[in-house]
Structures are given as structure tokens and as C-alpha cells.
Amino acid sequence: ISFKTSLQTMMVDIHPTLIIEFLINFFSESSAESCQRELKASLKKKFQCVFEGIAKSGNPTLLEQIYTELYITKGGTAEVSDEHEVQQIEATSRRPNRPEATIRQEDIFKLPPGKQEPIRTVMTKGVAGIGKTVLTQKFTLDWAEDRSNQDIHFLFPFTFRELNVLKEKKFSLVGLLHHFFTETKGTCSFDEFQVLFIFDGLDECRLPLDFHNNQILTDVTESTSVDVLLTNLIRGNLLPSARLWITTRPAAANQIPAECVGMVTEVRGFADPQKEEYFRKRFRDEEQASRIISHIKTSRSLHIMCHIPVFCWITAAVLEDVLKTREGGELPNTLTEMYIHFLVVQTKVKKVKYDEGAGTGPDWSPESRKMIESLGKLAFEQLQKGNLIFYESDLTESGIDIRDASVYSGVFTQIFKEQRGLHQDKMFCFVHLSVQEFLAALHVHLTFITSGVNRLKEKPTLKFSCYFSKPKLTHLYSSAVDEALKSPNGHLDLFLRFLLGLSLQTNQRLLHGLLGQTGSGSQTNQETVQYIKTKISSDLTAERSINLFHCLNELNDSSLVEDIQQSMSSGRLCPDKLSPAQWSALVFFLLSSEEHLDVFDLKKYSTSGDVLLKLLPVVRASNKTDLHSFSLRELDLSNNNLQGSGLQLLAHACPGVLRLSVCSLSESCCAALSSVFSCPSTRLKELDLSNNNLRDAGVKLLSAGLQSSCCRLEVLRLSGCLLTQDGCASLAAALSSDPSRLKELDLSYNHPGGPGLHLLSAQLEDPRSSLELLKETIKHSHPTVPTGRSRLGRKVAYVERDQPYPDHPDRFCRNHQLLCSAGITGRCYWEVELTGGVHTSISYQGIARGGDGNDGWFGGNHQSWTLFYDGSGYSVWHDKKGISVLQSSSSSSSAHRVAVFVDCPAGTLSFFRVSSDSLIHLHTFRTTFSEPVYPGFGLWSCLCSSWWV
Ligand SMILES: Nc1ncnc2c1ncn2[C@@H]1O[C@H](COP(=O)(O)OP(=O)(O)OP(=O)(O)O)[C@@H](O)[C@H]1O
């Protein structure tokens, strides 16, 4: 009636085009409303249940019944984190008591206080199994059931898993929405609606998200490949008014350019009270829940791991079973034990469900054995490649019959999930990365026991030699330790813990029937323990030695830690006399001891900068570190891979000068430092942040702190921090604010551009500004490409053929590299055209030429500095420390030029990329050259490496 009346009223005196417009609006609105209703109904159906590792035949659990609040923090960057996920879990597990900005699940898209604009793109990071998917499901369900976020008209939850299978297909954005959400077919224009896209699991994305080269697309009805749709949607070219939520494991976060992300949040899993809540929700029987909770609390390792919801789920499954069958018996304590029980429990479940077995004790049938062997092979081979999602072809490669695959996933539903993407493409994954790591370790163990082949060495070297001597398990373990230590991102750390855990006879007995013969004896274990201890004594990073201590734990050896504990309790601990192994033991002990971490009083140990550096992992982990008596005037932590952790504490502790040059700091660290500037108790006067990739976004955060009336900073060094005009504008705004006390600002080796410098130079003139000195030496020492340069026409290429040159002591024995014969003492500029993996370096004459080759690599010692191009990006190295400086968009096979500018008297060495006769600054080393330097070149491999000068 109301429609009819309105229409009649209008018909009387309104222009016909307006009537048509009214009609279109009227109908599109009502059809949009019905689309929304149907979409909500379908999402409600889809998300009200959570499949806890059971993909097919299990009983779905209601999300509402198990959902336990997750701890989510705000802040951080979209940058990649190199730490292995388990270390992150262990580090982050201690943080919840810190006053960090947290955010509730339902507020993720609320307008932030004081902001006019809503955030367009939120990225949520979190390690495997921490609850990202469940979180997006809860958000979606709450929306679909009208509980929250009703300002959103349409919510479209996608997973990268399902988008992967559309790799070869073409869609328009509207077409893609209609394809996945058929309920919305009645709506063709989403411009005037508030739309939220959820993209879950960026780490699983196999689409080439090329943000730099993909075509720009603004038309939502134009068809193209899905990756082009995604890059344009994320960049805001398509549907600029839409909101986006992307979730990812930390290692994959940097696939999205930082400028496209408005806010980063991180799921930290369950805080301590939520762990209890989880088990109480899961076990309605209160007594059973209490027993399980108190057991978990007795083992620090288990308690920490229970921050990860999926681990809670594994623990619940194991303990439920163990408590049933082992009244009064010992409960699993180490990680390996827990995972062995998990496997045993699953086998029993399978026996009861499918083989009508009694379910008492695991009886490994030949089929179950074969299945575990195949899954183990798959787990190991894919772990080596860094893959967590597998396709049918990966299964075939590991000897798994594709026709049986669904039976496998049906049987071992809780270990191995089968995912069905669109078009019924099958994808598989283990329920959790740690299950994959466990099965991979089991595979390596079994292969060695049965055939003497060490899978970590990849060569069946023992095939013949085993006729003469029995292959030794100690070799397997020591090579596994070596491989794990070699991995740049620690991807074998947890694998190693499991492999060593499996060497214990007590654990092997639990798997009796699967393993057949047991392998190692106590002699082997002792040798392995000794080997690990020698490694701990060597020069390892804190994270690496901590993992080795966890390994000793799995081997039931706690002697190193006990020694330290005794020295501590007897008051004999003397920090100046500790060996590297004892330092590591102290760090590990402090990290694993609950009470020491509540308030960590550093002065108990020493007040030297060196000690502070060694104890940094503890400082990072402690809830509160007492650094007030730490009365250093100046603290120089330059050239350390700090990555920002513990910075806030350090900066508070340091009253005068803090040097953090070349510390791998990024934008995220600037928020911490900025909050120090504005803290009333700050006494920081000079801060050197040179040669860290802070970029404009980081400097913007610092500038906010500089404006605080509490800030006492007088000297700020930001040389070589990748700043452009925007960064300079933020600094200029901060300096013009009233209370700024900054007198000296070093901006050399950045790209401020004319307007940027102009803004800052104006501060020098302004009598109200405190700025007295502005260094922007880039104008002078940043070379322009010289016009009259000549091509030397020297070319070197990598060949795999003997060369007819006689031996010479100046020749590098192992490394494919050479030094020029003329040394440089003044200023020199040269360019190199390269393809493939190439080192462009300078070095002193004295660099090692012989030996095993490890010390003589350019950048692998204190005598040389190098820019290394690995075929996809650049990194700079000196004294074995490297930082990545630029990812390249060109392919490894295409030639490109880099330039080197060395200024010996000034002590600078700069590397640039030459791009159509302009120079892009990559990095500047600053040092004192004590002798002449020689240009050097190295060819990494047969990737057709070659260079011209
Ligand atoms: N908030 C929660 N409450 C209860 N259980 C949860 C919660 N979050 C996760 N879980 C449990 O943990 C399991 C794994 O969670 P989820 O799949 O969300 O992890 P994820 O972070 O997406 O992991 P991945 O990176 O491996 O995809 C779930 O199947 C569920 O059993």
C-alpha cells in the first residue's frame, strides 16, 4: 500500500526519469535486503559448527559451545618474521600480562577512537593453530545471527585455499561473488553497500600476488584472473569503500605491501584463564577437567604449548584417553610423549570405528603401519620444501595411492584433513604443523632403523658401507642437529625435538609394534647429549641455543641447567666468568622459571652492556624488568640483530646515548621507541637508528613521540633509513611543534627529495626551532651516475670445467670469487652488470683464501663487505651478519646493474641499484677503513651467474 501510494503521489507531478530512478532504487533495495537475508541464512548454516580436525565423518561441534575468548593484540607490522613459529609461541606466551593494546573480536572493524575514517584493511597474524580461522568464523556467525557489526551489509568470507583452485579461471569481481555466494545473484552493484571481505589463510595462497606488475583494474564487471582481482581489491582500486580482513601465519604476512594494510592485529591464542575455560567447556565432568588442568600446570612445556588452541585440542584428546586407561599412572610430560600418545589414541579410535576392534592397546595392522609410513614420508618431504598444503600430485609422489586418499583421511581424520575446494579439487594438510613435524621425525627415525639410510643426508651413502659396519644412530642425530642449525628460519627445530625424543627407549616402547626393533641405547643418548652441549658452547643465537635446551629436555638431560641453578642458589654465579654454554643455560633457566620472569632484576647479574645483550631474550620475555639501577651513560648495541624486542625497556634504562645502528629494526620498533620519547621519566638524549629499514611509516611514528612535551631527545640519527619526502614531512611537522628540543638530525643516505629537504631546512632558519644541524650529505656523497664512465669490458662467468691455471696463494681455493689487484684508498665508483647469484664486494687483502671455504666468503668475515644478489633480491653482509635490502622484480635471468661507491677517508661504502641512469640507494656501511680495500666479485652458483664491469 505504501509503495502504491507513494507511486501515485509521484506520478502526479514528478518528471518520468525520476520515477524510473525511484523504481530502480526501490527494487534494488528490496532485492538487496532479501539477498542479505539469504546470505545470512547460508553463512549461519555453514559456520555454526566447527570441524575440529574431523573433515568428514566426525561429529561436528557447535561453535558456540566450544568458542573460548582469544587474546588479540593490536599493532605490529605486516612484515615477515623470521622466527620459527614455535619460538614465537613460546615467546608470545609470556606476554599477556604486559599492558598491550588488545582488541575484542567484534571490534576489529569499529571506528578507532579519534579517527574519522574506518580502517579499510586489517591483517591478522598468528601462528599455526592459534585460532585465526575459528576467529573469522565466530565473527561471521555473530554477523549472520544479527549479534554484531550490523553496519556491514554484506560479508563475504573466502579462504585462500578455495581461491587457489581458480588459478586458471577468469572472473569479474561481481562474477566471483555470485560464484561463491549464489544468494547474492540478485545484486550486481555493491558500491553503495558496506561490504566486508574476509580472506583467511594468506600463507596457503598459491596465486601469484604480484602487486608491482599486475594490471590496474577498477571495473567490478571486467573479467580477469583471480590474482589480479585480489591485488586490485587489496590496493583499493576495486570497490574502494569495501573493508578487507586478511588472516595469515606470520611468515607469509609480507606478501601484502605494508602500505595496503591499515591495521595489524595478532592472535596470541589463549591466556592462562582461557586455557582452563577451554578444558572446562570441553569436559563437562568437573573432576576430570580439574585433573587435566592440574596435570598441565605441572609441566611448564605443556602449559606453554596450551596457548595454542589446537594443542589444547590434542592434549584434551590424549589426556581423556590416558586417564581412562591408566588410572593413577604417569601422564605424558614431554612433547614427544604427548604426540606419541596422540598417534596411539588415533589408531585406537580407528580400530574401534572401522575394524570393530576392542580398542584396548594399539595393534598396528600392516595397513596402519603402511599408512603411517606413507604419511610420514609425505610429512618429511613437504616439510623440507616448506609446504603445509598438499595436492593429489604431492600424495602420489610420496607413494600414497590417490584412490585411497579419501579412505586415509576418513580413517585418520584427526591427523590428516582432506579439504575440498571448489570443483571438488582435493587438497590435504595435517591438522597442525606440529603433527606434520612429528610424523616427519617418525619417518626419518623409521627409515634409519629399517634401512640405515639417513634421509637428512639425501644420499644413501650407507648402501654398501653398511655391509661392513652398522650405521650409527649418533650420526643421524648429529646430522639432524647440524641441519636444524643451518636452517635460516628454524623450520626443523620442532622436528629435531621430536626426532631426539624418539631416541628414548621409553618413548620407543610406547610405539612398540610400529617401530618393531628399538634403536638407540643409553650410550647413543649420551653421545647425542654431548654433541648438543658442544654446539651450545659455540657461537649460536639465543633462539637456537634455547631450542637445543628443549632438545636436551626431550632427552631427559638437564645437567647444564641444574649446574647453573645450583650456582645461582648458592650465590656463586659470576657473570663475568660464564662460558657461552653457561650463558645459554642461564637464559634458558630464567626463561623456563616462572617466578624469575615476573620481575627480572638485571643488576643481580651485572650492569655491563654485554651482559644486557646476552640476557636480552629474558628481558624480552619478562613481564617487568628492573633496569633502573642500570646506570650506563651510553649503550652501544649496534650491529646486533635485535629486531626490536625489548627495545622499550632498553630505551627506558638508558639515560643518555643509545646506539642501535644496523640492528634489523623495522617500522614496528618505532612505536615502542616513540612511546619512550613521550614517557615522563625518559632521559634519552641521543639516539642512533642509522641503517635500519624504518621507512616513512616508522619515522611518522617516531615523529609523534618527538612532539611530546616529555621528549628530551637532542640528537637523532636516521642515516640510511629508506626515508623519502613523506618521512621528512612528518619530521618537519614534529620539529615545528612547540616543545621539540632536537638540535641535530642526521638524514644522510635517504631520499628526501627537494621538497622534503626544503621543509626541514626551513626549521634551521626558524628562530623558534631548536634545530641547529641538519645532515643530509646524500646531496654530496650520493653519486649521480657519472656521464663519462667507460666500460672495462671485463666479464666473468661460472663454468663447471677445469681451468688450465696454475695454483697461486692469492687464488681462492673453495670459493668462486676473486679480488682485483689494485687497491683503493680514496673515493671510487664502479658499476657491475650481473645475472644470477652474484656477490659485489670490497675486501682487505688479508681475506682467507684457503681452508674449508666458510670463512673466506665475501661478507662472511670482518675483512669484507658485500652486496649479494641471490636471483630474487638483495642482501648486504659483513662479518656473517646480513640484512635483506630489496626484493627485485626482475627475474634472475635478466641482466641488471648495481653500483658501488666507496669513500675510504669518510669510511662509507654504498651500494645502489642502477635504474635507467638513476641510482636507487640499497645500503650504506659505515666503518673506518684501516687499510686499502679491493673490489671483489663472487659467483654463487651455476645460475648462469656472470658479471661485467
Ligand atoms: N577460540 C577458540 N575456542 C575453542 N577452540 C578453538 C578456538 N580457536 C581455535 N580452536 C581450536 O583450534 C583448532 C585450530 O584453529 P584454527 O583452524 O582457527 O587455527 P588457525 O590459526 O587458522 O591455524 P592455521 O594457520 O593452521 O590455519 C580449531 O579446530 C579448534 O579445535
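## Salt bridges

In this predicted model, Arg104 and Asp107 join their side chains in a salt bridge, with 3.1 Å from N to O. Arg104 is partly exposed, at 49% relative accessibility. This pair is a good place to start a tour, and there is plenty to follow, as the structure holds 26 salt bridges.

Another salt bridge links the side chains of Asp151 and Arg243, at 3.8 Å from N to O. Asp151 sits in the loop between α5 (132–144) and β5 (154–159), while Arg243 belongs to strand β9 (residues 243–248), so this pair ties together parts that lie 92 residues apart in sequence. How accessible are the two partners, Asp151 and Arg243? Asp151 is partly exposed, with 41% relative accessibility, whereas Arg243 is buried, with 9%.

## A bridge between two strands

Arg897 and Glu831 also meet through their side chains, in a salt bridge of 2.8 Å from N to O. Here both partners come from strands: Arg897 from β29 (residues 896–903) and Glu831 from β24 (residues 827–835), so the bridge ties together parts 66 residues apart in sequence. Glu831 counts as buried at 12% relative accessibility, and Arg897 as partly exposed at 24%.

Salt bridges can also share partners, and in this structure such sharing joins Glu64, Lys138, Asp142, Glu145 and Arg147 into one network.

## Two helices side by side

Now for a pair of helices. Two packed helices are described by the angle between their axes and by the distance between those axes. For helix α17 (residues 433–451) and helix α19 (residues 473–486), the axes come within 11 Å and cross at roughly 150°. That crossing angle makes α17 roughly antiparallel to α19, because angles over 145 degrees count as roughly antiparallel. The crossing of α17 past α19 is right-handed.

Which residues of α17 and α19 meet? On the α17 side they are Val444, His445, Phe448 and Ile449, and on the α19 side they are Leu473, Leu476 and Tyr477. Sorted by character, the residues of this contact between α17 and α19 comprise six nonpolar, one polar and no charged.

## A mostly covered helix

Helix α7 (residues 173–180) has eight residues, and six of them are buried, which leaves the helix mostly covered. Which residues of α7 are buried? They are Leu173, Val174, Leu176, Leu177, His178 and Phe180.

The cover over these buried residues of α7 comes from several elements, including the strands β5, β6 (170–171) and β7 (195–200). Helices α6 (160–164) and α8 (226–235) are also among the elements that cover them.

## Two single residues

Is His295 buried or exposed? This histidine, found in helix α10 (residues 286–298), has a relative accessible area of 10%, so His295 is buried, given that buried means under 20%. Leaving aside the neighbours within four places in sequence, His295 is in contact with Leu302, Leu319, Leu331, Pro332 and Asn333.

The last stop is Ala729, in helix α32 (residues 725–736). Ala729 counts as partly exposed, with 31% relative accessibility. In sequence, Ala729 is 26 residues from Ser703, and in space the two are 9.7 Å apart, taken from C-alpha to C-alpha.

Definitions and conventions:
Residues are numbered from 1 along each chain as its sequence is written. This is a predicted model: local features need pLDDT of at least 70, side-chain atom pairs count only at pLDDT 80 or more; totals for chains, interfaces and linings use all residues. Side-chain values use heavy atoms; hydrogens and water are left out. Axes are lines fitted to C-alpha atoms, for helices over the stretch in contact, and angles run from 0 to 180 degrees between N-to-C directions. Helices (H or I, at least four residues) and strands (E, at least two) are DSSP runs, numbered from the N terminus. Angles under 35 degrees count as roughly parallel, over 145 as roughly antiparallel, 65 to 115 as roughly perpendicular and the rest as oblique. A crossing is left-handed if the near helix is turned anticlockwise from the far one by less than a right angle, and right-handed if clockwise. Contact means heavy atoms within 4.5 Å. Ala, Val, Leu, Ile, Met, Phe, Trp, Tyr, Cys and Pro count as nonpolar, Asp, Glu, Lys and Arg as charged, and the others, Gly among them, as polar. Buried means under 20% relative accessible area, exposed over 50%, partly exposed in between (1.4 Å probe, protein chains only). A salt bridge is a side-chain nitrogen of Lys or Arg within 4 Å of a carboxyl oxygen of Asp or Glu.
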